[in-house]
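Welcome, and thank you for taking a look at this protein with us. Please turn the model around for a moment before reading on.

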Amino acid sequence: DDDPFQAKVLRLLCQKHGYNFTYVGNGADAIAALSEPGHAYNLVLLDLNMQPIHGLEVLKAIRRINRHIMVIITTAQEDDLMVKTCIREGANSYLVKPIRDKDVRNIGHFATEATKAEVRRMRFRVRTAIAAVCTTRFSIVFMSLRAFKGEGGLISHEAARKKGLLHQCDTYEEVAAFIKHRPTIFFSHEWLARDHPDPDGRQYRLMVDSSRHLCDLAGKTEDEFFVWVDYSSIPQKNTHMQRMSISTLGVYASLCSYFVVVAPECQHSDTRAKCDAQSYRRRGWCRLEQWGHLTSSGTDKMFVIESLGNLQPISNHSAWVDDSIRVFEGDFTRDDDKWQLVDVVLGLWSQTLVAHAAGQEHVAPIIARVSAAKADVFPARYFGDLVTLTEEEVELCYGVGPSTGAGASVGPGATHHVPLSPETREASDTGVGGSGRVGSPLHVGGPRSRRW
């Protein structure tokens with residue numbers, strides 16, 4: 001609020017009811033305060049008629065930063081059209097000035113209940129993210145290596161489907177059964193044009209060359225190998241199915257036997273930008289795919305190929321592992337894509353912790369690297385308290401956290417809590433049926449623990 005007198009009145013009322021209160025006199029300072037990592041505000045009282053930034057613009061900025069904090073609009077006169085506009089832009093309610101003692105008392109109760117609801121929502125979100133690691137939101141689609149080589153280049157999902165070249169697994173269980181006796185390759189690469197990933201076939205030739213080496217390494221024939229490559233395995237025309245498939249990228253990468261980075265030195269056909277191993281390492285989506293495979297198998301079956309006949313183990317490039325966990329520092333064509341990846345990364349982190357608990361040594365370097373750079377791996381702007389809640393949930397179910405020794409409670413004969421489905425756990429939290437031990441609730445204290 002840009003009215004110092006109104007701020008003084010509010011401060012006195014808040015002190016009377018035991019609330020911590022922070023005052024800023026303009027929209028820019030409000031946005032800056034809410035952008036600080038780890039801020040503890042539960043509710044925002046926002047005046048509309050401020051200069052130089054109008055309250056409506058501040059509201060839009062707040063919603064870009066934080067989609068869930070409570071925002072109550074304060075206005076000197078009741079303007080129905082403006083109030084409706086603010087509600088549509090994400091305000092939770094509004095008050096007409098002057099604000100009185102009972103208003104502060106009531107909105108304090110409103111903020112407390114809203115905070116409790118937010119904690120329940122976040123816990124449910126975390127449990128869903130953890131469960132999603134073992135869920136295929138869209139079918140995983142493979143093509144036999146023989147069919148892949150027979151096409152002479154990358155073809156779209158729809159074209160491959162029309163030719164009957166795709167093998168589709170609809171559930172996680174089907175995938176597990178399929179890959180049990182069939183080696184699979186996940187090809188990870190940049191797109192070299194807007195409308196086609198590989199317009200001149202350079203990446204395709206490296207994929208074929210690397211698959212030949214992997215057949216020799218595994219002692220298998222091309223009839224036994226299957227490949228996953230985005231252009232053929234992800235729907236290209238139906239954007240809804242495409243989004244579902246992309247949201248499962250981490251799961252796809254974690255399930256395949258081999259992970260091959262295809263990164264020839266070349267030029268993007270449209271932007272004329274240089275594309276090579278370095279530009280690949282900067283791509284956020286590519287980092288996510290690498291982390292997915294690292295979590296399940298480590299670097300033993302991860303390779304990079306930059307030229308014909310030059311398939312190299314990624315374990316020879318230690319910096320790649322450091323890059324892969326820093327997904328949110330990577331390059332994205334659309335910055336908003338980062339919001340879509342929050343739950344995926346939470347799921348991968350939970351999978352890493354559980355693998356560590358089971359004594360799988362390949363995740364120890366990941367645990368160490370993430371723990372040493374948490375603020376970079378999980379930026380507060382995107383994650384807030386979600387990482388802490390995820391670690392609490394994993395510790396509850398498996399008795400293990402980032403600092404717990406491997407094999408702490410998971411393994412043959414170990415006793416641990418079987419994680420309930422998100423729906424059952426939600427019922428347990430709210431007292432509506434369900435059974436079993438639930439997570440220790442995030443403490444919501446009395447008025448002194450809240451900040452406005």
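Which element supplies the largest share of the lining of the largest cavity? The answer is β1, which contributes five residues. Keep in mind as we go that this is a predicted model.

Let us stay with that cavity for a while. Rolling a probe the size of a water molecule over the atoms shows where empty space is left. Searching the whole structure in this way turns up three cavities of 30 Å³ or more. The largest cavity has a volume of about 370 Å³. Its lining is made of 25 residues, and T22, Y23, V24, V44 and L45 are the ones that lie nearest its centre. Besides β1, the helices α1 (4–16) and α2 (27–35) each supply at least two residues of this lining. What kinds of residue make up the lining of the largest cavity, counted as nonpolar, polar and charged? There are 16 nonpolar residues, six polar ones and three charged ones.

From the cavity we can follow β1 into its sheet. Strands of a sheet pair through backbone hydrogen bonds, either parallel or antiparallel. Here three strands form an open sheet in the order β1-β2-β3, and the pairing is parallel. The strands at the edges are β1 (43–47) and β3 (93–96), each of which pairs on one side only. From one strand to the next, the twist averages 25°. If you look at strand β2 (residues 70–75), you will find that four bridges join it to β3, with the two strands running parallel. One residue to look for is T74, whose bridge partner in β3 is L95.

The loops that follow two of these strands hold something worth a closer look. Most residues other than glycine have a negative phi, and most peptide bonds are trans. After β1, in the loop that leads to α3 (55–65), you will come to P52. The peptide bond from Q51 to P52 is cis, with omega near 0°. A second such bond runs from K97 to P98, again cis with omega near 0°. P98 sits in the loop between β3 and α5. For an unusual phi, go to R272, which is not a glycine and yet has a positive value near 65°. R272 belongs to the loop between β9 (266–267) and β10 (274–275).

Now for another sheet. In what order do the strands of the seven-stranded open sheet lie? The order is β5-β4-β7-β6-β8-β11-β12, and the pairing is mixed. At its edges are β5 (166–169) and β12 (311–313), each pairing on one side only. Leaving direction aside, neighbouring strands of this sheet are turned by 30° against each other on average. Within the sheet, five bridges join strand β6 (residues 184–189) to strand β8 (residues 258–262), and these two run parallel. To find your way along this pair, look for F187, which stands opposite V260 in β8.

Next come the helices. Two packed helices are described by the angle between their axes and the distance between the axes. Take α5 and α16 to begin with: their axes come within 8 Å and cross at roughly 65°. That angle makes α5 roughly perpendicular to α16. In passing α16, α5 makes a right-handed crossing. The helix α16 also meets helix α17 (residues 364–372), with axes that come within 10 Å and cross at roughly 130°. That angle makes α16 oblique to α17. This time the crossing, of α16 past α17, is left-handed.

The helices α5 and α16 also bring us back to the topic of empty space. The second largest cavity has a volume of about 140 Å³. Among the 16 residues that line it, A132, V133, S247, V251 and V344 are the closest to its centre. The helices α5 (101–132), α12 (249–255) and α16 (337–357) each supply at least two residues of this lining. Which element gives the most to the lining of the second largest cavity? That is α16, with five residues. By class, the lining of the second largest cavity has seven nonpolar, seven polar and two charged residues.

Key:
Residues numbered from 1 in each chain as written. Predicted model: local features only at pLDDT ≥ 70, side-chain atom pairs only at ≥ 80, totals over all residues. Heavy atoms only, no water. Pairing = 2+ DSSP bridges. Axes fitted to C-alpha atoms, helices over the stretch in contact; angles between N-to-C directions. 1 Å grid on protein atoms, 1.4 Å probe; cavity = no way out; pocket = protein on both sides within 12 Å on 5 of 7 lines; lining within 4 Å. Points joined across faces, edges and corners; volume = space filled by probe spheres on them. Nonpolar A, V, L, I, M, F, W, Y, C, P; charged D, E, K, R; others polar. Parallel < 35°, antiparallel > 145°, perpendicular 65-115°, else oblique. Left-handed = near helix turned anticlockwise from the far one by under 90°.
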